[in-house]
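Biologist: Can we go through this one together? I have a few short questions.
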Amino acid sequence: MNIIVCIKQVPNTMNVQIDPETGRLKRDGVESIINPFDEYAIEAAVRVKEKIGGKVIAITMGPPQAESALREAISKGADEAVLVSDRAFGGADTLATSYALSSAIKFIGNYDIVICGRQASDGDTGQVGPGIAEMLDIPHIAYVKKIESIDDKSIKIERMMEDGYDLIESPIPVLLTVVKEINTPRVASLKGKMAAKKAVVKTLTAADIGADTKRTGLNGSPTQVMKIFVPTQRTGGEKFSGEAKEIAAALVKRLSGVGVI
């Protein structure tokens with residue numbers, strides 16, 4: 001069973017700052033981490049490997065520094081790592097990112113399952129996983145909370161819903177996007193950290209994977225982020241106290257005074 005797990009390196013959300021002049025994230029000096037949802041994807045992939053055998057390949061698209069995220073994935077059980085990195089990928093939106101990653105997965109080939117986190121903490125769109133599946137022309141199952149069973153032909157999963165869960169069976173190959181309810185990610189062992197340190201991370205460029213640069217980066221992005229900003233914190237306000245009838249009367253009087261009612 002060959003499993004590809006897609007991860008993303010994101011800024012630590014506790015330390016995110018925005019440049020007021022450029023409207024962009026300040027990345028210099030900011031700690032980068034594996035996208036939290038992708039931690040569950042890594043664990044899910046490793047558990048499948050431990051249960052039925054196979055290989056886990058971690059893949060990410062990003063600058064050279066994203067290699068550290070891949071090494072962390074290896075420390076937690078991934079067997080190989082692939083960095084998709086090229087200036088041609090810079091400025092990619094979710095569509096261009098899905099294209100680049102799907103091209104890399106096609107280049108790697110011989111996969112049975114692709115696992116992604118539900119969404120990235122810095123974009124929160126949840127679009128890349130489904131986009132990859134569409135471009136690979138394979139089934140996609142979202143909100144996966146449990147893998148019930150799996151063999152070389154099919155997989156049965158529980159998909160989380162608001163009022164319970166769906167039990168779904170799909171042929172393989174398939175792409176899954178997982179939620180945090182699926183597992184508890186493991187802490188890297190000393191053996192895993194040593195393996196990560198020695199591992200060779202393969203880097204693939206746009207030319208390596210045969211990507212059409214008209215469909216990558218800014219060239220292939222129909223949407224572009226023009227500005228990011230922190231909303232101005234609201235201050236002031238009024239607080240009413242007393243019995244319910246008194247509060248209601250005071251509120252009506254106040255709203256009437258400003259012409260709301």
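Biologist: Of the contacts with a separation of 6 or more, what share is 24 or more positions apart?
Modeller: In the protein, 70% of them, with contact meaning heavy atoms within 4.5 Å. This is a predicted model, where local features need pLDDT of at least 70 and side-chain atom pairs pLDDT 80 or more, while totals for chains, interfaces and linings use all residues. Residues are numbered from 1 along each chain as its sequence is written, and side-chain values use heavy atoms, without hydrogens or water.

Biologist: What is the strand order in the open sheet?
Modeller: E9-E8-E7-E10-E6-E1-E4-E5-E11, 9 strands with mixed pairing. Strands are DSSP runs of E, at least two residues, and helices runs of H or I, at least four, numbered from the N terminus. Two strands pair if DSSP finds at least two bridges between them.

Biologist: Which strands stand at the edges?
Modeller: E9 (164-171) and E11 (202-204); each has a single partner strand, so one side of each lacks a neighbour in the sheet.

Biologist: And E4 with E5, parallel or antiparallel?
Modeller: Parallel, over 5 bridges. Ala58 has Ala81 in E5 as its bridge partner.

Biologist: Which strands does helix H3 touch?
Modeller: Helix H3 (residues 94-108) packs on the sheet against E1, E4, E5, E6 and E11. Its direction makes about 145° with that of E4, using lines fitted to C-alpha atoms, for helices over the stretch in contact, and N-to-C angles from 0 to 180 degrees.

Biologist: New topic: how much is buried?
Modeller: 40% of the 261 residues, buried being under 20% relative accessible area with a 1.4 Å probe, protein chains only.

Conventions:
Buried < 20%, exposed > 50% of the residue type's maximum accessible area, 1.4 Å probe, protein only.
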